[in-house]
Amino acid sequence: MAYAQVLSGIYSISFSQVESGINHKKQTQVCMEMHKDKYSISSEHSTMKIPHVLSVAGSDSGAGAGIQADLKACAARGVYCSTVITAVTAQNTVGVQGVDIVSDDFVAKQLRSVLSDMQVDVVKTGMLPSVTVVNILHQNLREFPVRALVVDPVMVSTSGDVLAGPSILTGFREELLPMADIVTPNLKEASALLGGLKVETISDMRSAAKLLHDMGPRNVLVKGGDLPDSLDAVDIFFDGEDFYELRSSRLKTHNTHGTGCTLASCIAAELAKGSSMLLAVKAAKCFIETALDYSKDIVIGNGPQGPFDHLLRLKRNIRKSYGQDRFNPNDLFLYAVTDSGMNRKWDRSISDAVKAAIEGGATIVQLREKDIETRDFLEAAKSCLEICRHHGVPLLINDRIDIALACDADGVHLGQSDMPAHVARTLLGPEKIIGISCKTPEQAQQAWTDGADYIGCGGVYPTNTKANNPTLGLDGLKSVCSSSKLPVVAIGGIGISNAGPVMAMDMPNLKGVAVVSALFDKECVLTETRKLHAVLVETAATIAK
Ligand SMILES: Cc1ncc(COP(=O)(O)OP(=O)(O)O)c(N)n1
Ligand SMILES: Cc1nc(C(=O)O)sc1CCOP(=O)(O)O
Ligand SMILES: [Mg+2]
């Protein structure tokens, strides 16, 4: 019953773009009946609606991509997945040895079987081998509307084998893209959809996203995994108004077969659970990064490109896997920490300061409000949370677990004299982010044991913002980084002039810098954040060379 209530909450989240497609579900009723010594649940219809994705795609006998990847990705995200198989491929880690296309009639039959009966929330498409199949899908979606359509315009396998000819492009352009809530092409697919336009740089990706958006999909994600000379895997997300550059670290692994199918399926799964589009995309990217990292050394097959393991969650410590889902260490890249005194001095509200920092490129925000009333802190936290959620940026609260709980912030940052991390974990649960300040290797090791998600290490340089704060220097930062597996963010006296040398230390777990006065003790937060962001990006690019 509680689960049914939770789900009804999820469905109340509006999908304004797809409202016309909402499938009105039958109301269900449950009654608990007591029969002597036992309870039974009776209902006229089923009482638990499980989020449901229908994958319309080809089968991969090697099970790294296609329908098999979609099934595993949805299972990993806790979502039911039904399937319509459009083609059967004989495929392994070497390449595609054969393709047997399922007849158009039988694709139509499968679609009708599922859509007419099973209350699908989101349809995700992969390999669509002919324009006729696109027509059939289009007709079925008009007859059986769903809440969202995710189109992965598969044309070529990762091994380079062609899975759909150029004739499919007309079907995509004229029928599927105008109905799609998101389309997720890689560089080659974006170029093909745009008639051979060159898509080779981040700037090309932005232009391509805009042009593809003009074809009708509500959102576009151009995947830059194949970008040459890029330190990170950079994708461009465009929602028709704003561009977002989504970065994740590029992992050294050959086990990448099926990442495109998995990404699209994860987006579909998150949408089916009620997520907004940007959060769905971010969660999907984070899942891929975690799965690739977990699978980087597994050996399946003798070919150049192996599959990865979607179901790591089953094999890992539950808390850590939850942790990986909702916390992406790359979010520590530019960490904005507020200070009410500084914002008061410059006559702006906390929420205006936070908004400007995010617009300038801050990737995570901490409210560190040492001298305001609890009631005012809570109000400020709620309005900042709204801004942060809108931009997909996590919001943490300094010291005050009560405030974090009351406004449902994404987590807390705690110092050595604050509540111990393991107690905070018990109070906050497995999904919240916990950061711990550490100045020594011993504290860093304890933070890991206590279940923290990241370390804040400082003061790297002398600071006026925190009284009597010892300065560790770059050497102190290095020794904390080397003694922990946790991601680290450097803090203390960092600004535009000295952020470069911090990041240039190139410690693998040093993910970014946290700053207070460099952003907030300035007249224009937006300008200062942009400048610092540019310095960090430039340093990262230099290191990559
Ligand atoms: C990212 C980050 N790192 C360190 C700190 C300092 O936290 P703490 O030691 O609890 O000191 P106060 O901030 O509470 O004065 C931080 N806030 N953020
Ligand atoms: C809040 C805080 N914690 C520190 C630590 O060393 O743990 S230094 C610090 C203040 C950082 O402010 P600024 O960027 O203005 O120097
Ligand atoms: Mg503290």
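In this predicted model, a nitrogen atom of ligand 1 sits 3.3 Å from an N or O atom in the side chain of His413. Oxygen atoms of the ligand have partners too. One lies 2.5 Å from an N or O atom in the side chain of Lys370, and for the side chain of Asp399 the corresponding distance from a ligand oxygen is 3.2 Å. Taken on its own, ligand 1 has 420 Å² of accessible area, and the protein covers 89% of that.

Stepping back from single atoms, the shell around ligand 1 is made up of 16 residues. Gln366, Arg368, Lys370, Ser437 and Lys466 are the closest of them. As for character, the shell is a mix: 6 of its residues are polar, 5 are charged and 5 are nonpolar. Two strands feed into it, with β15 (411-414) and β18 (488-491) each giving at least two residues.

Asp399 turns up again at the metal. Together with Asp418, Asp399 coordinates the magnesium ion, ligand 3, with both residues using OD atoms at 2.0 to 2.3 Å. These two residues bring together distant parts of the chain, being 19 residues apart. Asp399 belongs to the loop between β14 (395-398) and α15 (401-407), while Asp418 belongs to the loop between β15 and α16 (421-428). Are these two aspartates buried or exposed? Neither label fits, since buried would need a relative accessible area under 20% and exposed one over 50%. Asp399 has a relative accessibility of 25%, so it counts as partly exposed. Asp418 is also at 25% and therefore partly exposed.

Another aspartate worth a look is Asp371, which follows Lys370 in the numbering. Asp371 is found in the loop that runs between β13 (364-367) and α14 (374-391). With 48% relative accessibility, Asp371 falls below the 50% cut-off for exposed and so counts as partly exposed.

What does Asp371 touch, once residues up to four places away in sequence are set aside? The answer is Ser340 and Arg344. Both meetings involve polar contacts between side chains: the one with Ser340 is at 2.7 Å, and the one with Arg344 is at 3.3 Å. The same stretch of chain shows up in the backbone distances, as the C-alpha atoms of Asp371 and Gly341 are 8.0 Å apart in space although 30 residues separate the two in sequence.

Note on methods: Residues are numbered from 1 along each chain as its sequence is written. Chains are lettered from A and ligands numbered from 1 in the order in which they are written. This is a predicted model: local features need pLDDT of at least 70, side-chain atom pairs count only at pLDDT 80 or more; totals for chains, interfaces and linings use all residues. Side-chain values use heavy atoms; hydrogens and water are left out. A residue is near a molecule or strand if one of its heavy atoms lies within 4 Å of it. A polar contact is a pair of N or O atoms within 3.5 Å; within protein, one must be able to donate a hydrogen and the other to accept it, and residues adjacent in sequence count only if both atoms are side-chain atoms. Accessible areas come from the Shrake-Rupley method with a 1.4 Å probe; for residues, only the protein chains shown count as cover. Helices (H or I, at least four residues) and strands (E, at least two) are DSSP runs, numbered from the N terminus. Ala, Val, Leu, Ile, Met, Phe, Trp, Tyr, Cys and Pro count as nonpolar, Asp, Glu, Lys and Arg as charged, and the others, Gly among them, as polar. Buried means under 20% relative accessible area, exposed over 50%, partly exposed in between (1.4 Å probe, protein chains only). Contact means heavy atoms within 4.5 Å. Donors are N, O and S atoms within 2.8 Å of the metal (3.2 Å for Na, K and Ca); water is not among the atoms, so sites may look incomplete.
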